[in-house]
Amino acid sequence: LKEHLKQDATLEQYTESIHFALTSADVNNLAYALMLKEAKQHCILPTLTKLYQQLSSCIKMSQSLPMLARTHGQPASPTTLAKELSVFSTRLKRQIHQLENMPILAKCNGAVGNFNAHHVAYPDVDWQGFSFGFIQNFGLEPSPLTTQIEPHDTLAEHADLLCRINTICIDLARDIWGYISLNYFTQQIQSGQIGSSTMPHKINPINFENAEGNFGLSNALLTHMARKLPCSRWQRDLTDSTVLRNLGVALGHAQLGYHSLILGLSHIQPNAQALSTDLNQHWTVLAEALQTIMRQHGIDQGYEQLKLLTQEVDFTKEKYINFVQSLHLPDPVKSQLMTLTPDTYIGLAKTLEHTQDLTQPE
């Protein structure tokens, strides 16, 4: 910079003002803060908004479709496909809102954070006010008390938050992968796609697998950054320097993951027939309803009776009806149970599908 200034007659007089009262951390922390700010505003948040919108489209396509739930991988009380996907959109919306409003701090206060050189050269200047205004001009927040380096707490907060977002996305990718394997979702064939080098019938859920892999790499780096960056020996050590150089790598893998997840979600369709068929093969899920009604009406050993009936034999629709008819229950209650089916035993799932706006995060 000095060499460039020397080539200009007007600016040459300011040559010795280059790097005045600065430590390298004053420059670098501002640069990293601005890079993170730009990445967040122009890459990460817009892509997360697209992901949220694509997931919302999947939810709308899946509304009111009953689905067999699985807890511990086993058939469980029915739900709806849209409600289960809405769990993820709700989680993402909350984290995106936090990311939008999370500040990024920076500092410009000299070798150990005390404005030593500034004050000795120009003692009458309000250096703290000058520094704060300078930092705020970049859309950043001043870090009021630091050592030679900005403590990196807000960088760690961003790393932790992005790690949470990525973890939610991993959870979503794995669930969709599983639903595809159950044929709950069908995949649209993409032009030119080869599913397998030897098995031509296959359409592999590669976008969800690629997303999971990229999120894993991103989180490995982000987790280390969140734990390491806020720690510096005494007033300064250089261990943060080599770690910070990988911030873009961590964000890049996250960005790739979001794009893969968006692409995967845009190429699936709910399979209503497969959802219904699976439900109607599992009348055992009504055991919860039966034993609860039996408890309500004071019938002894409701849970134990259903446990024996449903765990040891094939619990079909006919066996369900026969068992209901054998119960000493009021006629209206018995009529209610006789009309209950796996695809109507969904509680408030349809209501829960509509608990939030599915257009964009706040």
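## Helix packing, salt bridges and a few odd residues

Let's start with helix 6 (residues 153-181) and helix 9 (residues 247-265), which pack at an angle of about 30 degrees with their axes 11 Å apart. Roughly parallel is the label here, because the angle between helix 6 and helix 9 falls under 35 degrees. Keep in mind that this is a predicted model. The crossing of helix 6 with helix 9 is left-handed.

Who makes the contact? On the helix 6 side you'll find Leu155, Leu162, Ile165, Asn166, Cys169, Leu172, Ala173 and Ile176. Helix 9 brings Leu247, Leu251, Ala254, Tyr258, Leu261 and Leu265. Sorted by class, the contact between these two helices has 13 nonpolar residues, one polar residue and no charged ones.

### Asn214, looking towards helix 9

Tyr258, listed above on the helix 9 side, also turns up in relation to Asn214. The two residues are 44 apart in sequence, yet their C-alpha atoms are 8.9 Å apart in space. Asn214 itself belongs to helix 7 (residues 206-228). Is Asn214 buried or exposed? With a relative accessible area of 13%, Asn214 is buried, because the cut-off for that label is under 20%. Setting aside neighbours within four places in sequence, Asn214 is in contact with His253, Leu256 and Gly257.

### The second helix pair

Further along the chain, helix 11 (residues 287-296) packs with helix 12 (residues 302-312) at an angle of about 155 degrees, and their axes are 8 Å apart. That angle is over 145 degrees, so helix 11 counts as roughly antiparallel to helix 12. The crossing of helix 11 and helix 12 is right-handed.

Helix 11 contributes Ala287, Leu290, Gln291, Met294 and Arg295 to the contact. From helix 12 come Gly302, Tyr303, Gln305, Leu306 and Thr310. By class, the residues of this contact split into five nonpolar, four polar and one charged.

### Salt bridges

Now for the charged pairs. Side chains of opposite charge can pair when their charged atoms come close. The structure holds 11 salt bridges, and the table lists some of them.

| Basic residue | Acidic residue | N to O distance |
|---|---|---|
| Lys2 | Glu16 | 3.4 Å |
| Lys6 | Glu3 | 3.9 Å |
| Lys107 | Asp26 | 2.8 Å |

Take Lys2 and Glu16, whose closest N and O atoms are 3.4 Å apart. This pair links distant parts of the chain, with Lys2 in helix 1 (residues 2-6) and Glu16 in the loop between helix 1 and helix 2 (24-61), 14 residues apart. Lys2 is partly exposed at 34% relative accessible area, while Glu16 counts as exposed at 61%.

Lys6 and Glu3 form a salt bridge with their closest N and O atoms 3.9 Å apart. How far apart are Lys6 and Glu3 in helix 1? They are separated by about one helical turn, because they sit three residues apart in that helix. Lys6 is partly exposed, with a relative accessible area of 45%, and Glu3 is exposed, with 54%.

Then there's Lys107 with Asp26, at 2.8 Å from N to O. Here again distant parts of the chain are linked: Lys107 lies in the loop between strand 3 (105-106) and helix 4 (116-121), Asp26 lies in helix 2, and the two are 81 residues apart. Where does this pair sit in terms of exposure? Lys107 counts as buried at 0% relative accessibility, and Asp26 counts as buried too, at 1%.

### Two positive phi angles

Finally, a look at the backbone. Which value does phi take in His72? It is near 60 degrees, a positive value in a residue other than glycine. His72 sits in the loop between strand 1 (66-71) and strand 2 (74-80). At 81% relative accessibility, His72 counts as exposed.

Phe115 also has a positive phi, of about 60 degrees, although it is not a glycine. Phe115 is found in the loop between strand 3 and helix 4, the loop that also holds Lys107. Is Phe115 buried or exposed? Phe115 is buried, with a relative accessible area of 12%, whereas His72 counts as exposed.

Key: Residues numbered from 1 in each chain as written. Predicted model: local features only at pLDDT ≥ 70, side-chain atom pairs only at ≥ 80, totals over all residues. Heavy atoms only, no water. Axes fitted to C-alpha atoms, helices over the stretch in contact; angles between N-to-C directions. Helix = DSSP H or I, 4+ residues; strand = E, 2+ residues; numbered from the N terminus. Parallel < 35°, antiparallel > 145°, perpendicular 65-115°, else oblique. Left-handed = near helix turned anticlockwise from the far one by under 90°. Contact = heavy atoms within 4.5 Å. Nonpolar A, V, L, I, M, F, W, Y, C, P; charged D, E, K, R; others polar. Salt bridge = Lys/Arg side-chain N within 4 Å of Asp/Glu carboxyl O. Buried < 20%, exposed > 50% of the residue type's maximum accessible area, 1.4 Å probe, protein only.
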